[in-house]
Amino acid sequence: MSAMLEVKNIQVAYGKIIAVKDVSVTVNEGEIVTLIGANGAGKSTTLRTISGLIKPKSGEITFNGKRIDGMPGHDIVSLGICHSPEGRRIFPRMTVKENLELGAFLRNDKAAVNADMDRVLDLFPRLKERIKQTAGTMSGGEQQMLAVSRALMGAPQLLLLDEPSMGLAPVLVEMIFETIAKIRQQGITILLIEQNANAALEIADRAYVLESGMVKISGTAKELRADDKVTKAYLGH
Ligand code: ATP
C-alpha cells in the first residue's frame, strides 16, 4: 500500500486561536480512515486544511507525493480531493440536480459526469426521487446525503467526510454507513470524521483520536475498539 495522503505535523490557527497544534495523519490508497474526538478537538479544522480552505501555519501535506498545503482549494479538487462539509452546506435555493452539477464544475468530461450522476443517484435513491426539489426544503438527512453526493460528483480519489451521520434518524445513520462502505468498494479512499465513534470504528481500517488539537492515540480500528481508554472516553461503554 502506498501513502495517498500524508499530513505531517500541521499547526493551524484562526487568528490567535490555535485549533490544531500538531497533527500527523496518513491515509493509504483504498483505506477508510477515521478521526474521532470530542467537540473542538480540531477534526474539522484538519479536514478544512487538507482541502485548502485554510492554510497551515506550519507542517506539510502531500497528496500522491505532491505538496498541496497552501494550494488554492480548486486546484486541490482538480487533483482528486473532494470535501463533504459538516451540516447543511449545500446551496439551499438550488435544486438537487443543480447542486450535483455544481459538484462537477471543474470537469469537462460530460459523458463521465452524466454517468457519475446516475451512479450517485443509485447510491442515494431518495435524492433521485427529489431531483427537481429545492435543496433547502429537504430534511436535514436528505441535505446531508446531498452534501456527500455533491462531493462525489467531483470524481474524487480521496473523499473527506465531515460528520455525515450528524442529525440523522437511526435508520438513516445505518444507511449512510452502508453507503460509505459501498463508496469505498467503488475504489474511493475515505477520510471520515465522526461523532458516532462506534459506527466509524466498525467500517474504518484505521483511526486517530484527536484531543485538544493533537493526535492522542492512533492504530487500527480493531486496536482502538479493544483499548480501554478509547472505549471509556469515546465509545460509551
Ligand atoms: P466539532 O465536532 O465541534 O466541529 P472539531 O474537532 O471538528 O469539533 P474544530 O471545528 O476543528 O473541532 O475546532 C477546533 C477549535 O478551533 C475549536 O476550539 C473551535 O472553537 C476553533 N474554531 C473552529 N473554527 C473557528 C473559526 N472559524 N474561528 C475561530 N475559531 C474556530
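Which of the 13 residues around the ligand come nearest? I looked this up first and found Gly40, Gly42, Lys43, Ser44 and Thr45; a residue is near if one of its heavy atoms lies within 4 Å of the molecule.

Notes on the source. I am working with a predicted model, where local features need pLDDT of at least 70, side-chain atom pairs count only at pLDDT 80 or more, and totals for chains, interfaces and linings use all residues. Residues are numbered from 1 along each chain as its sequence is written, and side-chain values use heavy atoms, with hydrogens and water left out.

Ligand contacts. I listed polar contacts, meaning pairs of N or O atoms within 3.5 Å. A polar side-chain atom of Thr45 is 2.5 Å from a ligand oxygen. Polar backbone atoms of Gly40 and Ala41 each lie by a ligand oxygen, at 2.7 Å for Gly40 and 3.0 Å for Ala41. The ligand alone exposes 630 Å², of which the protein buries 62% (Shrake-Rupley method, 1.4 Å probe).

Shell. I found that strand E2 (17–28) and helix H1 (43–50) are the elements giving two or more residues to the shell; helices are DSSP runs of at least four residues, strands of at least two. H1 gives the largest share, three residues.

Surface. I noted a nonpolar patch of about 430 Å² made by Phe91, Met94, Leu102, Phe105 and Leu106. Patch residues have over 30% relative accessible area and no salt bridge (side-chain nitrogen of Lys or Arg within 4 Å of a carboxyl oxygen of Asp or Glu), with nonpolar side chains joined within 5 Å and like charges within 9 Å. Leu106 sits in the loop between H3 (96–103) and H4 (110–123). Leu106 counts as partly exposed because its relative accessibility is 34% (buried is under 20%, exposed over 50%, partly exposed in between).

Notes: Buried means under 20% relative accessible area, exposed over 50%, partly exposed in between (1.4 Å probe, protein chains only). A polar contact is a pair of N or O atoms within 3.5 Å; within protein, one must be able to donate a hydrogen and the other to accept it, and residues adjacent in sequence count only if both atoms are side-chain atoms.
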